[in-house]
Amino acid sequence: MTVSRPSPNRLLFALVWLFGSLPRPLMRAIAAALARLYRLFGLREWQVATRNLSLCFPGLNEAERRRLALDSLYGAALTLLESLRLWSRPAAANQRWVVGVDGEELLDAALAADRGVLVAAPHLGNWELLNQYLASRAPLAIVYRAPRQKLLEALLLRGRGVDGVEQVRAEPAAVRTLLKRLQAGGMVGILPDQQPKRGE
């Protein structure tokens, strides 16, 4: 008798579902522990955060910079854990996390004008939830940078593959695709703080 092994895709998504099922207090505790580990081992993320803070806020003392860097890495880790929940649960169920929308009337007016809507949102807060919220209002095209590992790309496509979201790979043809969506009166979401690589 042969026992079939689960595919790597299925195993990875099972892990995503498992981590996405953690209660919020435990997510926060794990995010805090990860941030402290980055600092303790002086990992690249810690070095980048502290260097950027020293460039942007030269007036801060060392303790203030360390505190801000720790807070920043905590926020990034928590966003990742929350994203795992969003990717492994129905988009309609995730909408309960949206407790208020500033400027919603501006979005309504832009959609009603039927001239195309460009939503530029930097990596602040959970943009994965933003994608799902926007797609609940109108079809949305988003650009994604494909990871080197095919397994992770499959995870991104599955996790973000909710109704109303068209995922456009970051390559030369992407700009033409996004322009077509805007010209047709559609909605496009971009992360303006993401620096494209040569050829993207």
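Trainee: What makes Leu34, Leu37, Leu40, Phe41 and Leu43 a nonpolar surface patch?

Mentor: Happy to go through it, keeping in mind that this is a predicted model. These residues make a nonpolar patch of about 480 Å² on the surface. Take leucine 34, which sits in helix H2, residues 24-40. Its relative accessible area is 34%, and patch residues need over 30%, so leucine 34 passes that cut-off.

Trainee: Why is leucine 34 called partly exposed?

Mentor: Partly exposed covers the range between under 20%, which is buried, and over 50%, which is exposed. Leucine 34 has 34%, so partly exposed is the right term.

Trainee: And how do you know whether aspartate 114 is buried or exposed?

Mentor: Its relative accessible area is 55%. Exposed means over 50%, so aspartate 114 is exposed. You will find aspartate 114 in the loop between helix H6 (104-113) and strand E1 (117-120). Its phi is near 60°, a positive value in a residue other than glycine.

Trainee: What makes E1 and E4 paired strands?

Mentor: Pairing takes at least two bridges. E1 and E4 (residues 187-190) are joined by 4 and run parallel, so they count as paired. Within this pairing, valine 117 has methionine 187 of E4 as its bridge partner.

Trainee: Which residues of E1 are on the covered face?

Mentor: Val117 and Val119 are on the covered face, while Leu118 and Ala120 are on the uncovered one. In a regular strand, side chains alternate between the two faces of the sheet.

Trainee: Why does leucine 124 count as exposed?

Mentor: Its relative accessibility is 67% and the cut-off is over 50%, so leucine 124 is exposed. Leucine 124 lies in the loop between E1 and helix H7 (127-137).

Notes:
Residues are numbered from 1 along each chain as its sequence is written. This is a predicted model: local features need pLDDT of at least 70, side-chain atom pairs count only at pLDDT 80 or more; totals for chains, interfaces and linings use all residues. Side-chain values use heavy atoms; hydrogens and water are left out. Patches are made of residues with over 30% relative accessible area and no salt bridge: like charges are joined within 9 Å, nonpolar side chains (Val, Leu, Ile, Met, Phe, Trp, Tyr) within 5 Å. Accessible areas come from the Shrake-Rupley method with a 1.4 Å probe; for residues, only the protein chains shown count as cover. A salt bridge is a side-chain nitrogen of Lys or Arg within 4 Å of a carboxyl oxygen of Asp or Glu. Helices (H or I, at least four residues) and strands (E, at least two) are DSSP runs, numbered from the N terminus. Buried means under 20% relative accessible area, exposed over 50%, partly exposed in between (1.4 Å probe, protein chains only).
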